[in-house]
Structures are given as structure tokens and as C-alpha cells.
Amino acid sequence: MLDRLSTDTALLTTTQMAQVDRLTIVSGISGAVLMESAGRSVAQTILQRWRPRPVLVLCGPGNNGGDGFVAARRLAEAGWPVRVALLVPRDHLCGDAARHAAIWQGPVEELAPEALDGAELVVDAIFGAGLSRALDVAITQTLATAAELGLTIVAIDVPSGLMGDTGANVGAVQASLTVTFFRKKPGHLLQPGRALCGEVVVADIGTPMSVFDTLVPDAFENNPSLWLDALPMLQPDGHKYTRGHALICGGYPSTGAARLSARAAARVGAGLVTIAVEPHALPVYAAALTSVMVTPIADLADVDSLLADARYSGLLIGPGAGLNDATRERVLAMLNTGRPTVLDADALSVFKNDPDELMRSITGPCVLTPHEGEFKRLFDDTGDKLSRARNAAKRSGAILVLKGSDTVIAAPDGRAIINTNAPPTLATAGSGDVLAGLVLGLMTQGMEPFLAAAAAVWLHGAAATEFGIGLVAEDLSEVLPIVLQRLHARLVL
């Protein structure tokens with residue numbers, strides 16, 4: 001289970017961040033002080049990365065604009081040439097934003113494309129993550145012009161026009177750097193927000209950790225700190241059976257997918273791995289596999305006979321299985337055991353005409369690993385990715401791994417983890433089969449499904465990063481030991 005130690009990687013919604021601000025003010029830190037700290041952090045981050053150059057700070061009417069006025073003042077005090085452009089008349093500002101705008105000694109221009117003349121760096125302090133509508137024309141034209149001119153853009157909180165809870169874009173342009181405060185929001189990680197934010201810096205502005213005494217986060221950025229303590233460890237008195245026995249239903253003629261899954265399950269620690277295949281396919285598998293065992297299954301009775309062996313502690317079907325009645329029947333037989341099961345690829349798509357049959361059959365630990373196309377065949381695909389994954393997990397009663405560059409791992413109880421370490425090299429045939437095998441291997445060893453899925457997704461990305469350019473799916477299992485050795489070294493320290 002995720003606990004309080006996980007708050008370092010917590011993701012907070014805009015509503016939760018508003019609550020954090022209120023709790024911080026109640027603790028004795030005023031809103032004006034928080035705004036000063038936020039703007040100072042933005043200025044310091046800029047000073048650390050660039051030499052002095054003409055800056056234009058675009059300020060909105062709310063607290064984000066107030067942060068911008070502080071950043072402008074701090075940069076000017078450091079000797080930078082700074083101008084400010086404001087979206088509304090200055091006398092329309094109120095509260096802490098008005099207080100900090102009054103301290104600014106320089107002129108204030110109208111926010112319009114013309115204000116960009118002579119600027120080399122633009123600070124976007126127009127709107128923060130709480131925006132819930134499309135941007136006005138004056139803003140979109142100014143931001144678009146800044147992008148077209150190739151100006152460096154630094155966003156405060158999020159690029160204006162980016163939805164903090166969903167990552168949706170309603171007018172934002174690409175930022176080089178985004179400075180946010182206390183904790184990231186889902187929109188910093190979900191596409192297209194992740195790409196639009198550029199580098200994300202989380203600044204400490206004095207928010208006390210005691211806010212987590214009241215606020216309990218349910219979304220996190222994937223990181224070993226979430227699941228490392230639960231990662232299966234080798235035991236001095238262990239043997240292959242104590243490490244679990246994984247069973248995979250293989251397919252024909254697509255034989256490579258199940259073999260990729262099997263090797264990944266073995267590499268991540270499963271003590272034994274068996275692939276069950278049709279008798280005519282057995283020679284193909286046997287010739288290509290050594291440490292992985294192969295056993296024939298001619299019909300459903302053979303599958304039931306295999307599943308009667310309780311030593312099989314983790315089950316997988318889907319990679320290369322085929323869209324046919326045999327696959328559907330085998331899925332249902334596996335789920336009927338109540339043992340940890342991973343369903344991928346064809347094992348999901350085969351239920352496209354009757355998703356409810358699949359949902360009714362999930363009664364034990366289960367992980368579903370669809371890509372977007374497979375997801376749409378089974379679940380409602382309207383709304384943002386995080387909400388869709390959560391709703392699908394709740395409906396199915398399974399852990400849902402909605403794959404992509406921003407993979408979301410969601411549990412039926414609403415907890416979710418967003419992954420960020422997947423390099424673009426993973427966009428290659430077979431990489432999803434490897435991921436399914438990693439989930440299987442960890443669950444086979446007894447790792448709790450939600451954490452097993454999160455760990456597998458992270459390991460998948462870390463292995464791809466370790467290998468680098470030129471990756472094919474077979475390479476992932478070969479470099480996985482390097483990643484595992486580093487993690488195990490952290491465990492024993």
C-alpha cells in the first residue's frame with residue numbers, strides 16, 4: 001500500500017492545491033509571503049539557467065499574475081532589463097496580486113503581440129493550472145507570436161491554456177521551462193501537457209508538510225520510492241518454487257509475442273516459466289526457448305488440467321493469442337482460478353462484443369494492459385486519460401494499465417500512478433509483450449498487483465533508457481538485470 005512516505009511523488013489537483021494554500025495560510029504563512037516566495041523562485045530558476053537578456057513578463061489578473069510581478073521585480077533587481085504586460089487594467093487587480101503589482105516600479109503595458117518587440121525571454125504568468133476555459137484572443141495571439149518568433153518561454157505553474165488536472169490544451173504553446181510549486185499536478189505529466197511544459201521545476205515556497213495531515217493524495221508520479229520495499233528479493237534459503245511459477249498461454253502463428261513475455265517474466269525473477277501452446281506449435285517454441293518450458297494444450301480440458309496445478313502462481317494470456325473462441329474460453333478459465341492474472345492484447349480485444357462478460361469474470365487479482373485502441377473496444381473513451389483509466393479500473397475491478405508515453409496505472413479504489421520515464425524508443429513491436437511479462441513475473445512472486453504494475457512500467461522504461469537508440473523488444477530483457485542490480489543495491493543500503 002502507498003503510505004505517507006509517498007507524498008514526495010504525490011500529484012495534486014487544482015482543488016487540492018487550493019486547499020494546500022488555505023492550510024498553509026492557516027499555519028501562519030500569509031498569501032502575500034507565499035506569492036513573494038513563488039515569484040522569487042521563478043526568478044532564481046531563470047537566473048540559474050540564462051545570462052541577462054531582455055525579458056517580458058506577461059501577467060494575468062489573478063495570483064499567477066501576482067507571481068509574475070514578483071518575478072519581474074526580482075529579475076530587475078538582478079540587473080536584467082524587464083518589462084511587464086498586463087491583461088487587465090492595473091486597477092482591476094485585487095488582493096495579494098494588487099499588493100505586489102504596486103511594488104513594481106516599472107511601466108505596465110497592455111498584453112498584446114506588440115509588447116513582444118525586443119524581448120528575448122518571456123515569462124508566462126497569465127493563468128495557472130486552475131483555468132477551465134479557452135484563452136481569449138489577445139492571449140492566444142500573443143503566445144502564438146512568441147512561439148513563432150522562437151522566444152524562450154518560461155511558464156509559471158503551467159503554460160497558460162493548459163488544464164492542470166488533465167493536461168488538455170486550450171491555447172497553450174510550448175514552454176522551455178515550467179516552474180510550479182510544492183507538488184506537480186496531473187497536467188504536468190499527462191499528454192499533451194507533459195510535452196508543452198518542457199522542463200518542470202518544483203519549487204519549495206515554504207508550504208509545510210503538515211498539510212498532508214489533512215490532505216490525502218490519491219495520484220502519484222511513478223518512482224521506485226512507491227514500490228521498492230515491495231519488490232521481490234532473493235532469499236538465502238529460497239529455491240525456484242519459492243519464486244513462483246508463471247504460466248503463459250502462447251499463440252500460433254504469432255509465436256514471438258508470448259516468447260517475449262516469457263523471457264521478461266523470467267528476467268524479473270519468476271522461478272519457473274511455462275508456455276502452454278497447441279501441439280502443432282510446440283516445436284517452434286521449444287526450438288527457440290531454453291530455460292522456459294513448453295507444454296502442449298489441445299483443448300480447453302488440457303487448459304483446465306494445467307490450471308488445476310496450484311503451483312502456477314501467475315497467469316498471462318493475450319500476446320499472440322489470436323482473436324478466437326479458444327482465447328476467450330482460456331481467459332475465462334484463468335480468471336475462474338482466482339489467481340493473479342494478466343490480460344493483454346487479444347485477451348482483451350476478444351471481448352469487444354461483450355465487455356460485460358469479461359468484467360463479470362474478474363473476481364481475483366487481475367491486471368489489464370491495453371493500449372488506446374484496445375481500451376476503446378472495452379471501455380468508455382471519453383474524457384481525460386486519468387479519469388478514463390480510473391473509471392475502467394472501477395468498472396472492471398482490475399488494475400488498469402493504460403499504455404502510452406504517459407502510461408496511467410489505476411486501481412479500482414481510485415488510486416493512480418502516472419509514469420514519466422518511458423523513452424520514445426519503446427514505440428517498437430513487441431515492447432508491450434515484454435511489459436505484460438514483467439507484470440506477470442512480479443505478480444508470480446507475490447507482489448501486490450497495483451504496485452507490481454507500477455514497478456513493471458517503470459522497469460520497462462528504465463531498461464529502454466539504459467539500452468538507448470536502436471532498441472528492439474528483445475533488448476529490454478537483456479538490459480533489465482542492470483536496472484534490477486541498481487534497485488537491489490538501494491534496498492540493501
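β6 and β7 pair in the parallel sense over 5 bridges. Within this pair, Val 179 of β6 stands opposite Val 201 in β7. The model is a predicted one.

**The sheet**

The two strands belong to an open sheet of 7 strands. Its order is β3-β2-β1-β4-β5-β6-β7, and the pairing is parallel. β3 (108-110) and β7 (199-203) stand at the edges. Each has a single partner strand, so one side of each is left without a neighbour in the sheet. Neighbouring strands are turned by 25° against each other on average, direction ignored.

**Strand pairs**

Three of the pairings are set out below.

| Pair | Sense | Bridges | Facing residues |
|---|---|---|---|
| β1 (residues 55-59) and β2 (residues 82-86) | parallel | 5 bridges | Cys 59 opposite Leu 86 |
| β5 (residues 152-156) and β6 | parallel | 3 bridges | Val 154 opposite Leu 177 |
| β6 and β7 | parallel | 5 bridges | Val 179 opposite Val 201 |

**Strand β6**

β6 sits between β5 and β7 in the strand order. Is this strand, residues 177-181, mostly covered or mostly uncovered? β6 is mostly covered: 5 of its 5 residues are buried. Buried here means under 20% relative accessible area.

In a regular strand the side chains alternate between the two faces of the sheet. Which residues of β6 lie on each side? Leu 177, Val 179 and Phe 181 are on one side. Thr 178 and Thr 180 are on the other. Both faces of β6 are covered, and these residues are all buried.

Two residues from the first group also face partner strands. Leu 177 has Val 154 of β5 opposite. Val 179 has Val 201 of β7 opposite.

Terms used: Residues numbered from 1 in each chain as written. Predicted model: local features only at pLDDT ≥ 70, side-chain atom pairs only at ≥ 80, totals over all residues. Heavy atoms only, no water. Pairing = 2+ DSSP bridges. Helix = DSSP H or I, 4+ residues; strand = E, 2+ residues; numbered from the N terminus. Axes fitted to C-alpha atoms, helices over the stretch in contact; angles between N-to-C directions. Buried < 20%, exposed > 50% of the residue type's maximum accessible area, 1.4 Å probe, protein only.
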